[in-house]
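Colleague: I should like to learn how to read the features of a structure such as this one. May we go through them in turn?

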Amino acid sequence: MPHMVERFNKRLCLTLLAASLTTLYGCGSSSDDGTPPPVDDSFTVGIFEPVTLEKNFSGDSLQRIDFEVSIDSDFANLSLYIDDKLAIDNIDIPASGINTINALVDIGEVGQKSIKLMARGGDITVNKMEFSERPDLLLPKFVDIAEEVGITDQLNLPKYGGPTVADINNNGYYDLILNNHNWRPTNQLYWNNQDGTFTLNTGDWDGSLSWGDMHGTAVADYDKSGDLGIIVTRGGGNGTTPSYPDFFVNEDTTLTESYQEVGITESARGRGARFIDMNGNGFLDLVFINAEGINGDSGAQHLFYKNNLDGTFSRIDVPGIEKANTERVLVLDYDGDGVDDLLFLTPMTLWKNNGDFTFTDVTDTALPENVRQTWQVQAAADVDVTGNGFADIYLSKGLPHYQLSNRSLDFNPSSQTLDLNDDGNQGRRTMQLTVEDSFTLKNLHLTYRQYDGGFPIMLGENKVAHEVVKVEDYYTLPEDLTIAQEAAMGWPENREENGIYIGYVGDNQWNVEWVKNDNVFWQVAFSLDNIQNVNTAWEPQNRNQQDILLVNKGGVFVDETSEWNLPPGGNHWGVTYGDFNNNGYNDIFVHRYGFLKERVTDYLLLNTGEGKFELTQMHGAHDPKDPGHGDMGQAFALTRDGKVDLLNGSEDGIWYLYKNQTEITDSHSLVHVGYSPVHNVDPMSAVIKVSVEGKSYTRRVGSSGENFSQSLLNTVHFGLGKSTAIEQVQITWRNGETVYLNAPAINERITSDDAEMPAPTDIDLGREERKLRPGDSYQITPSFTPVNAINGVTYTSSAPDLVSVSDTGLVTAIELGEATITVQSTAAESVSASLLVKSGEFDPIYATGISIDWEEQAVYIGQNYQLTAQLTSSEPGELPDDPSILWSSSDVSVATVSTSGQVNPIAAGNVVITATAVGSEVADQVKDTVSLDVEAFVEASVVFDDNSKYLGPELCTNQPLDVVANYHAGSGSEVNSNGLTFRLRHMDAGWGLVNDYIIEHPESANSESGTATAEFDLSDPLVIPTADLPDGHFHFLFVEFITDEGKKFERGIGWAPGDIKIVDCI
């Protein structure tokens, strides 16, 4: 259906309200008492004719407005003003038909109010508009303080995935890393001066840590030095020139770029980096998340590094997850086991960390079907919205830049501006304008795609040309072009050359057409001023997506988007969270991309504590002069005033630091997490539990939402509602160490450094009995539950003249006999353990048997396998006097084995691993072996034999199309009983499916790998020649299969109109 935006000279019975009218709710409707009209008494808000009405308010100033609206257009936006103050800013109405929307507004002083409604994108019929008081909620208010605290002289620049917020020098105050993309300054570090202001790190001449194609940042104390190292990831030239990240070693705020020194050995198309502990040893390992392309030498998309415990890293292979397709990731502990897992956002998969440098894909068991492998997720947050201690997930969905560059058109009838973003692929599009006198073409941006053949602006029938010039990586006009009627008279019949044609055809009507004879640019974008109306025969893209809330039900997620009243539609690039009003429940802040050239107010979703959010835009975290778009941010406690603040980035704009100015009466706690008391484990991923009367609150140290960057928020804010006292704060580090703060002060900052180590609940000595010969000694080494319990003990012997024990637990046999050694906790009178020691002339204890623990399984190159062995001895129940084991490999070119039994497969082949008991009576006589067949691990995949056979050449309808795909179900897997499925699809401009020509391939069923062929009859009625497709429609070639484990793999080609050219041949 054609998209039309046109001026109406008459709007049925609806007119703009005259001053004498009291209330207007719809055509012919009015009310003296201000009550809402019935549903059937509707009114229409036209894009050229806003509606103003009067209403008398009493009671509370915070009101919820519920709308039921209808639109005929594909999408629309509704705004509402109260006494000329913007209360609802272009809230999204995402689909034609009936829609329900709601929002919280602050009306200010009660009494008579003027309410103005405005529409964009299409006329909006308001079927119902109801007001209701919400005195139970406190509306947060923010003010930008960036300039006054020292974040100054900012330029309007592209962003890339949010900031990093962390206490980088561990002085108790948050520092900031503000990231921009390709343009300098790229990433700037601001040190917190501890007085509410910041100082830019000297860095390079403009304060950039580094420069180039900069992407995400991450920080962590990876070497337990007390200072946080910094990583900046770099892109890779669309896969042609992969780059190394920048890794800054931090020594007391002196930063040294040291990626080679720390062991980063492979380059990539970097997007983000994450510090996580992948083997539970208390040291942070490293993951680089990359775009598809040339990433390192192994073919892995993502690069994993193991912490060597000495300030360096070693590259390791992690089959499965390292080749999963994504560019964005969220670190979370989805099942509450204390181990960090990874949620890949687009396409969405969930990977459980097994704690041994392996990950298991749990997508199909943990995520609901509608989000598995879903796309368009720009950011995510692991936020506990229910208050049950489990991490729920908020998914922020929107279109990336390259998808915005496809039939995106915004017309603002108030400012009379038109903005367009279209693709630069082969084709043409036309629009008709209504313009009185003249208009201006500006912001022309033709993104470079190796085409230099010219793209002039051609005016009128004579095609008077205005040439474009190249600037950086795009073409543009030397200056804005004002076009008068007399300069563009007529419309040329011949419009075959590349360029933009503009012609005045009379009666204030103009034609505009952009022609591309080939795939010439990545994007064609421009703006027009002084436009009264626009009409297109093609459908502008509906850019609305739908955010999703996944509620955690004990490690299994349920989609409760509708139940929690998430706003419909939208194009959202970021999400962060915090309890902004201290009512005890986490709120959500959603960063809205907005229009192509206009910022809109972001959404704040207030958590009511009743299983629902209430949307508001009257929060103050908005700059109406912002030239950019909502990108990403972090919510965190900037100061120690008990409020959560916001650091927000604007794509093509600046950074904003919004201070929370809300007058809050509810209670709070700020909990600072330092290092664990026993093993000095850093605070990353520590879990904090704050208990008050009848309730507890749980949060994990990390980021408050992620896409490309990672924060370390280790001063964690808790809103505590009406609570007046804290009973206990429990802090658990990722190695299990736990401390407690009992009855700490409320409304204060407290720290783990002041916490009490717990009393032990159990002491384990590792054995109940030990035999010693007179003169021999044995060291008792007690272990405690919990691991960081107070470890003070006393040692006593029941017969010290026979068996003595020192104050440190060293047992010595003196005379023949036996004694009981008691180990008593000094912190818990009821907790003790004992060991029976027998002293005698015992025979030597030899190793008499050894057995390697090994379950038969496939062994793959690049994976590590830990072997253990069990010893038996000449004294049942006792270890040999020498319990050591010697490990050896029959072929170190196939696999090596460490002194601890860890096997490292290197090459395909057979290898025998031998375990020899050193303590046998006869040397080299007690041994066991295991034979391993090492093979290369093959990832599941399916690819077309040669994309160039299907992309580019004309495919004739009078000839069959043979499509060939090579597939592999992955090592140890098979294609399920259905086999491969081939599809030749007809897609509409919005990626909706029109026709699906399906060919099954049963011969590939139950096979591990092979080649499959499908023959498409291009004369079939389902196949429409490319030239006959509606504008924006295209063909898409697709192949897929499902493994016997239920995992789906697919491949598609033909992502844009004209990629696959089917022609009607005679």
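Modeller: We begin with secondary structure: helices, of at least four residues, and strands, of at least two, are DSSP runs, numbered from the N terminus. Please keep in mind that this is a predicted model.

Colleague: Which residues does UniProt list for "domain: BIG2"?

Modeller: The UniProt record, an unreviewed entry, lists residues 759-835 and 846-927 under that name. In the model, the span 846-927 is 0% helix and 48% strand, and its end C-alpha atoms lie 13 Å apart. For residues 759-835 the figures are 0% helix and 49% strand, with end C-alpha atoms 21 Å apart.

Colleague: How should I read a nonpolar core, and which residues touch the most other members of the largest one?

Modeller: In soluble globular proteins, nonpolar side chains tend to be buried together. Here the largest nonpolar core has 99 residues, and those touching the most other members are Phe67, Leu117, Met431, Leu433, Ile502, Phe526 and Ile588. Strand S4 (residues 62-71) gives the largest share of this core, five residues. Apart from it lies another core, of 53 residues, including Val232, Val671, Ile688 and Val692. To follow one member of the largest core, take Ile588: beyond four places in sequence, Ile588 touches, among others, Val383, Tyr394, Tyr577, Leu604 and Phe613.

Colleague: How many salt bridges does the structure hold, and what does a single pair tell me?

Modeller: There are 47 salt bridges. A pair is read by its distance and by the elements it joins. Asp529 and Lys442 form one, with the closest N and O atoms 2.8 Å apart. Asp529 belongs to strand S40 (residues 521-529) and Lys442 to strand S32 (residues 438-448), so this pair ties together parts 87 residues apart in sequence. Lys442 is partly exposed, at 24% relative accessibility.

Colleague: Are the partners Asp645 and Lys659 buried or exposed?

Modeller: Buried means under 20% relative accessible area. Asp645, with 0%, is therefore buried, and Lys659, with 9%, is buried as well. Their side chains meet in a salt bridge of 2.7 Å, N to O. Asp645 lies in strand S49 and Lys659 in strand S50, so the pair ties together parts 14 residues apart in sequence.

Colleague: Which residues are joined into one network with Arg983?

Modeller: Start from the pair: the side chains of Arg983 and Asp996 meet in a salt bridge (2.7 Å, N to O). Salt bridges that share partners then join Arg983, Arg985, Asp996, Glu1040, Lys1048 and Glu1050 into one network.

Colleague: What should I look for in the backbone?

Modeller: Look for cis peptide bonds and for positive phi values. The bond from Thr346 to Pro347 is cis, with omega near -5°, and Pro347 lies in the loop between strand S24 (341-344) and strand S25 (349-353). The bond from Thr785 to Pro786 is also cis, with omega near -5°; Pro786 is in the loop between S61 and S62. As for phi, Asp652 has a positive value of about 70° although it is not a glycine, and Asp652 lies in the loop between strand S49 (645-651) and strand S50 (655-660).

Colleague: Which residues make the nonpolar surface patch?

Modeller: Val678, Met757 and Ile790 make a patch of about 210 Å². Ile790 is partly exposed, with a relative accessible area of 32%.

Definitions and conventions:
Residues are numbered from 1 along each chain as its sequence is written. This is a predicted model: local features need pLDDT of at least 70, side-chain atom pairs count only at pLDDT 80 or more; totals for chains, interfaces and linings use all residues. Side-chain values use heavy atoms; hydrogens and water are left out. UniProt positions are given in the numbering used here, feature names are shortened, and annotations may be inferred rather than shown by experiment. Patches are made of residues with over 30% relative accessible area and no salt bridge: like charges are joined within 9 Å, nonpolar side chains (Val, Leu, Ile, Met, Phe, Trp, Tyr) within 5 Å. Accessible areas come from the Shrake-Rupley method with a 1.4 Å probe; for residues, only the protein chains shown count as cover. A salt bridge is a side-chain nitrogen of Lys or Arg within 4 Å of a carboxyl oxygen of Asp or Glu. Buried means under 20% relative accessible area, exposed over 50%, partly exposed in between (1.4 Å probe, protein chains only). A nonpolar core is a set of buried Ala, Val, Leu, Ile, Met, Phe, Trp, Tyr and Cys residues joined through side-chain atoms within 4.5 Å. Contact means heavy atoms within 4.5 Å.
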